[in-house]
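Here are my notes on the pockets of this model, set out as numbered points for your review.

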Amino acid sequence: MSKIKENIQEVLEDIKKYSLYPEKVKFIAVTKYVREEEIEEVLKNGIFNLGENRIQLIKEKYLYFKERNIADIKWDFIGNLQKNKVKYIADFINLIHSVNKLSLAKEIDKRAREQNRIIDVLIEVNVANEESKEGYKIQDFNLEILEYLKFKNLNIKGLMTMAPYTKDEKILRNVFSTLRKMKDELNEKYFDNKLTELSMGMSGDYKIALEEGATIIRVGTKIFE
Ligand SMILES: *Cc1c(COP(=O)(O)O)cnc(C)c1O
């Protein structure tokens, strides 16, 4: 069995083992480290949700597989997104995980309208208030919600966070459960339970994220190591 296949199977097993609702969990293979050959191996193993964090590369890889008509891939954008780059992905992007400014949301809404589609997004939250990370502070998103609710071509499906770089399980668990509570509160106050997704958990911490209710995990290193 190839290494990639083995690693993917391990993650799939872990989803069953650690999640409260494994059937709801989407496993995003983060392919930012690899080229097309490795991606083909991922597809062969039945994983069609892929994540990238650079506009140029997501576009190149999207076009490569589209031209070859190899599989029905869902491409997610997980990196920091500059407003002026939204136009390059607006026609094909499946989910943007990293909406962290109202001006960016406005641009996504506009480009989605031009494409005559609705673009699904997640709000990126900087739960641990880290200086080095993007994302809304919890209280800051609350101040802008009413603006977000006006968009017609941008659909907020949930929240995303990147946990601090630590092995301290208590800190990680606290970050993930805080995001879950934030989603529950938003659902109650503003979204009428329309927020369904919690994108949290990477190679080093996805098991804890699953235990705390993740519905999307973003795993790269663990697959391609
Ligand atoms: C790279 C990246 C991942 C995957 O991280 P690994 O530790 O390689 O699994 C997940 N989320 C985001 C936002 C990333 O940039």
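1. The second largest pocket has a volume of about 190 Å³, a pocket being, on a 1 Å grid over the protein atoms alone, an open set of points where a 1.4 Å probe fits, with protein on both sides within 12 Å along at least five of seven lines. The volume is the space filled by probe spheres set on the points, which are joined across faces, edges and corners.

2. This is a predicted model, in which local features need pLDDT of at least 70 and side-chain atom pairs count only at pLDDT 80 or more, while totals for chains, interfaces and linings use all residues. Residues are numbered from 1 along each chain as its sequence is written, and side-chain values use heavy atoms, with hydrogens and water left out.

3. Among the residues lining the second largest pocket (those with an atom within 4 Å of a point) are Ile118, Tyr148, Phe151, Asn155 and Lys194. Strand E6 (154-160) and helix H6 (169-191) are the elements that give two or more residues to this lining, and E6 has the largest share, with three residues; helices (H or I, at least four residues) and strands (E, at least two) are DSSP runs numbered from the N terminus.

4. The lining of the second largest pocket divides into eight nonpolar residues, one polar and two charged.

5. The largest pocket has a volume of about 890 Å³, and of its 36 lining residues Lys32, Tyr33, Met162, Met202 and Arg218 are the closest to its centre. By class, its lining has 15 nonpolar, eleven polar and ten charged residues.

Conventions:
Ala, Val, Leu, Ile, Met, Phe, Trp, Tyr, Cys and Pro count as nonpolar, Asp, Glu, Lys and Arg as charged, and the others, Gly among them, as polar.
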